[in-house]
Amino acid sequence: MNKEVLIRLNGISKSFDGEPVLDNLSLEIHDKEFITLLGPSGCGKTTTLRIIGGFETPDAGDVFFDGKRINDLPPYQRQVNTVFQRYALFPHLNVFDNIAFGLRIHKRPDAEIKTKVKEMLALVNLKGFERRRVSTLSGGQQQRVAIARALVNQPKVLLLDEPLSALDLKLRKDMQNELKNIQHQTGITFIYVTHDQEEALSMSDTVVVMENGRIQQIGTPTDIYNEPVNAFVADFIGESNIVDGMMLEDYRVKFSGHVFDCVDGGFAKNELVDVVVRPEDVDVVAPDKGMLKGLVTGVTFKGVHYEIIVDVAGFKWMIQTTDFVAEGETIGLSIDPDAIHIMKKSEFSGMFGDYSSFSDELEKLSDVTEELEEE
Amino acid sequence: MKFLSKFYIGLIFLILYAPILVVILFSFNESGSLSHFSGFSLYWYKELFRDGEALEALKNSLILAVASSLIATLIGTLAAFSIARAKSKRYQRLAEGVSNIPMMNPDIVTGVSMMLLFVGVAGILKLENTLGFWTMLLAHTTFNLPYVILSVLPKFRQMDKNLTEAALDLGCTPAQTFFRVELPSILPGVVSGLMMSFTLSLDDFVISHFVSSPDFKTLPLYIYNQTAHEVKFSMYALCTLIIVVILALLIAVNVAGSAGDSRMRKKVKKAQGVSVR
Amino acid sequence: MKKRSVFERMAAAPHLLWSAIFIIAPLLFVVYFAFTDRNGSFTLENILSLSSYSHTFVMSLGFSLIATTVCFLIGYPLAYCMARMSERARNILMVLLMLPMWISLLIRTYSLMALLDNGGLVSAFLTSLGGKKLTFIGTDAAVILGMIYDFLPYMVLPIYTTMTKLDKRYLEAASDLGCNNRQTLFHVILPLSMPGVISGVTMVFVPSISTFYISQKLGGGSFDLIGDTIERQFKNAVTYHTGAAISLVMMILILISLAVMNKFSDSGEDIIV
């Protein structure tokens with residue numbers, strides 16, 4: 001990957017009505033990178049994007065673009081374009097005129113506008129839609145127009161603010177692939193905002209996990225998934241069992257009343273830590289063969305696997321297994337050393353990773369409220 | 001119950017329209033009587049147009065209505081824009097509140113207060129005969145303003161804020177954004193504000209009564225003068241003509257509106273058909 | 001948000017300037033004239049002299065309150081009946097209701113006068129019935145009738161609009177909870193249509209209390225409502241000081257009435273919520 005820094009955020013703070021939204025945030029974005037700002041609603045990801053777009057000015061800190069400070073540059077003089085959350089297509093213009101809008105503003109010759117818009121329509125698979133009114137397009141089509149409208153100006157950076165959140169699941173998957181392809185073809189830097197961790201992992205070169213106006217972790221999708229730095233990241237990215245543990249010495253950790261071998265080191269002797277075990281990394285074995293023993297309290301069939309909740313000495317684990325076990329059964333759990341990830345204690349310790357109150361309905365409900373809050 | 005409510009509606013509308021129908025009927029009455037219809041005649045219509053005064057008043061009314069509604073729409077639209085954008089809620093409320101004063105105040109107070117302004121300023125500047133077209137224009141623009149703001153402001157508030165940002169994002173300056181994106185999406189509000197101003201201006205009598213001079217008479221002022229002392233049947237003819245014109249306009253607007261609607265609906269249906277296929 | 005652009009700030013300027021010169025300044029002139037005498041020195045004489053007009057004020061207030069009440073009593077059921085018609089019928093009725101509002105008040109008052117005139121259809125009809133010759137023009141009733149006739153549509157329209165915008169689910173919920181039509185009307189529709197009633201009442205009361213044309217035409221020139229008095233002071237009198245004082249007092253009177261009414265509507269809403 002090209003390592004040239006294109007955008008540098010330096011100590012950005014921002015608050016709305018005295019409510020801090022961004023807290024001394026610093027971030028470097030490289031040229032031709034697909035970077036995703038990921039976090040729950042209210043974590044500051046959209047504000048970060050809007051500061052880069054020029055729609056908000058930071059209270060403190062600097063924004064550099066190509067080495068130049070652009071804090072006070074209005075949006076229309078920045079070399080970035082945005083794909084807005086609800087598309088923001090101009091209702092009084094048809095598809096062609098929407099896409100041609102930026103070129104017309106910059107007074108490009110008609111012939112050039114025509115060919116460029118045509119190219120863009122081909123790129124987003126909307127050939128022949130030139131004369132259609134935007135109100136007659138489906139959500140996915142509007143989305144494509146919005147992307148074309150931004151890309152046609154050949155910006156250095158494309159900002160995408162939860163662009164797929166209004167689409168249904170199937171369409172969202174298709175558009176994810178399409179966006180990834182477009183980014184490859186055009187070589188434009190994409191800064192992508194989403195609260196959907198799956199989307200972030202599957203599309204990005206770099207993922208920036210945010211919470212409480214601060215960056216929690218920056219890394220490649222595999223790093224973020226395999227080596228979360230704290231309980232928040234571990235819980236937000238995928239499913240995690242997070243238990244209190246104690247690092248007896250390098251490569252030996254004690255949790256749930258059992259001493260495990262592990263692959264992490266570099267902690268103080270007897271340091272209290274958070275231990276992360278992904279549900280898919282736990283093997284179900286006979287009760288006497290396991291390192292831990294627990295009672296199955298819930299079983300949900302998920303298609304590929306079963307999701308079972310296991311009570312191990314009062315702590316509820318979530319485990320994904322392809323073998324059926326019945327509710328009420330006592331089973332043994334076996335965990336390989338490389339499935340155990342050790343994290344330092346943080347402000348998020350003890351807040352996540354226990355499945356005692358878990359239910360699918362709750363999860364869905366919280367998704368809905370999240371979407372409502374975004375509006 | 002259903003019958004009773006129909007009967008009630010019918011009765012009230014009958015009472016509402018009876019006087020108007022009487023005026024229309026008796027404007028064609030041969031004799032100058034209000035109780036006996038003696039025969040059909042267009043005499044009063046000829047009488048009405050015998051001197052050019054009625055036509056002159058009509059011309060004045062139209063000039064005034066066009067000018068004042070255009071000015072009010074221009075200023076009011078910009079005002080609505082700045083009110084919708086204003087950061088402080090207090091300023092928003094203040095600006096709206098002040099411009100609503102002529103709407104809340106009885107017309108007579110607005111008329112009297114503007115008359116005092118014009119006369120007062122003229123007194124200070126030692127001018128004579130200040131009242132006339134210009135004072136009428138200022139007054140009409142003033143009472144039109146709140147109606148323009150009232151119909152445009154909600155459009156600004158309903159407008160997707162992302163549209164503005166999208167325009168800025170694509171390289172529009174704030175001024176370009178206003179004219180290319182915001183204005184087109186608030187256009188329905190602007191048009192209805194313009195139409196409302198136009199009709200209010202045509203219709204106004206009370207405020208005009210205080211800020212006008214005999215040299216510049218609008219249609220309502222003309223009617224008032226003509227009917228001040230006696231019943232004039234040529235005024236019945238004039239009223240009939242005005243009612244017919246208003247009726248024709250109302251019908252035209254409604255027909256055009258519903259025709260436009262159905263055409264739009266067809267278009268959308270067609271487009272949906274394409275996308276389904 | 002970010003700093004406001006020059007254009008955004010400039011857009012407000014014409015309106016602010018206009019409001020200051022043509023809305024605020026004229027009102028200041030009214031206050032100035034109300035509190036000064038012919039030589040421009042401060043005096044309370046104008047305000048104090050208004051006691052001789054107290055009869056005028058009381059009569060105007062009474063007339064417009066009666067007219068407003070009658071408009072409500074006629075207009076509310078009308079709006080209710082209209083709102084329950086089929087959509088087609090409602091569209092036609094709406095045009096019929098709007099049409100009179102588009103016809104100048106002068107013309108409508110003049111039409112009413114034609115109908116009620118001493119030589120007009122109604123009196124001719126009554127006379128032919130063998131009654132004695134009736135004089136209707138010039139009576140209190142004629143003036144109040146004129147107000148009702150002229151302003152009734154302004155009462156009906158806002159009430160009708162709020163009623164048609166009422167969420168149908170409230171009505172369904174009410175009948176689900178056991179309200180019959182009458183109970184639904186009094187317990188659900190009436191409270192929910194209060195905003196429409198308030199604006200209807202305002203739109204009838206304010207022009208009624210300040211009218212001069214209706215009382216001139218239908219009062220036969222012998223009536224002195226506030227509007228007539230102000231009109232005469234400004235069109236005929238030598239000085240404007242008394243007229244300004246009357247206008248000022250009327251304006252304050254109306255402001256107080258509106259404030260009281262808004263108070264009522266606020267507390268009304270509280271009860272609903």
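**Exercise 1. Getting to know chain A**

Among contacts in chain A between residues at least 6 apart in sequence, what percentage join residues at least 24 apart? Work this out, then describe the chain as a whole.

*Solution.* Keep in mind as you go that this is a predicted model.
- Step 1: Take the contacts in chain A between residues at least 6 apart in sequence; 67% of them join residues at least 24 apart.
- Step 2: List the elements. Chain A holds nine helices and 20 strands.
- Step 3: Look at the extent. Along the principal axes, the C-alpha atoms of chain A fill a box of roughly 80 × 45 × 40 Å.
- Step 4: Look inside. Of the 375 residues in chain A, 40% are buried.
- Step 5: Divide the chain. The domain assignment gives domain 1 (5–226) and domain 2 (239–374), and the C-alpha centres of these domains of chain A lie 36 Å apart.

**Exercise 2. Two sheets of chain A**

Find the strand order of the open sheet of five strands in chain A, then do likewise for the open sheet of four.

*Solution.*
- Step 1: The five strands run in the order 13-12-11-14-20, with antiparallel pairing.
- Step 2: Go to the edges. Strand 13 (258–261) and strand 20 (340–344) of chain A each pair on one side only.
- Step 3: Check the twist. Neighbouring strands of this sheet are turned by 40° against each other on average, direction ignored.
- Step 4: Pick one pair. Strand 11 (residues 241–249) and strand 12 (residues 252–255) of chain A are antiparallel and share four bridges; A:Glu249 has A:Arg252 in strand 12 as its bridge partner.
- Step 5: Turn to the sheet of four strands in chain A, whose order is 2-1-4-5, again with antiparallel pairing.
- Step 6: Why is one side of strand 2 and of strand 5 of chain A left without a neighbour in the sheet? Strand 2 (19–30) and strand 5 (68–69) stand at the edges and each has a single partner strand, so one side of each stays free of a neighbour in the sheet.
- Step 7: Zoom in on strand 4 (residues 60–65) and strand 5 of chain A, an antiparallel pair with two bridges. In strand 5, A:Arg69 is the bridge partner of A:Phe64.

**Exercise 3. Helices and a residue of chain B**

Describe how helix 4 and helix 6 of chain B pack, then decide whether B:Phe3 is buried or exposed.

*Solution.*
- Step 1: Helix 4 (residues 89–104) and helix 6 (residues 133–158) of chain B pack at about 115°, and their axes are 8 Å apart. The crossing is left-handed.
- Step 2: Name the residues. B:Ser99, B:Asn100, B:Pro102 and B:Met103 of helix 4 meet B:Thr142, B:Phe143, B:Leu145, B:Pro146 and B:Ile149 of helix 6.
- Step 3: Sort them. This contact has six nonpolar residues, three polar and no charged.
- Step 4: Now find B:Phe3, in helix 1 (residues 2–26) of chain B. B:Phe3 counts as exposed because it has 7 C-beta neighbours inside 10 Å, and the cut-off for exposed is 12 or fewer.
- Step 5: Compare two distances. B:Phe3 and B:Leu116 are 113 residues apart in sequence and 54 Å apart in space, C-alpha to C-alpha.

**Exercise 4. Where chain C meets chain B**

Which helix of chain C gives the most to the side that touches chain B?

*Solution.*
- Step 1: Count the contact: 61 residues of chain C are in contact with 59 residues of chain B.
- Step 2: Elements giving two or more residues to this side of chain C include helix 1 (6–34), helix 3 (54–83) and helix 13 (241–272).
- Step 3: Helix 1 of chain C gives the most, with 17 residues.
- Step 4: By character, this side of chain C has 47 nonpolar, 11 polar and three charged residues.

Terms used: Residues numbered from 1 in each chain as written. Chains lettered and ligands numbered in written order. Predicted model: local features only at pLDDT ≥ 70, side-chain atom pairs only at ≥ 80, totals over all residues. Contact = placed C-beta atoms within 7 Å. Nonpolar A, V, L, I, M, F, W, Y, C, P; charged D, E, K, R; others polar. Buried ≥ 20, exposed ≤ 12 C-beta atoms within 10 Å, placed from the backbone. Pairing = 2+ DSSP bridges. Axes fitted to C-alpha atoms, helices over the stretch in contact; angles between N-to-C directions. Domains from an automatic or database assignment. Left-handed = near helix turned anticlockwise from the far one by under 90°.
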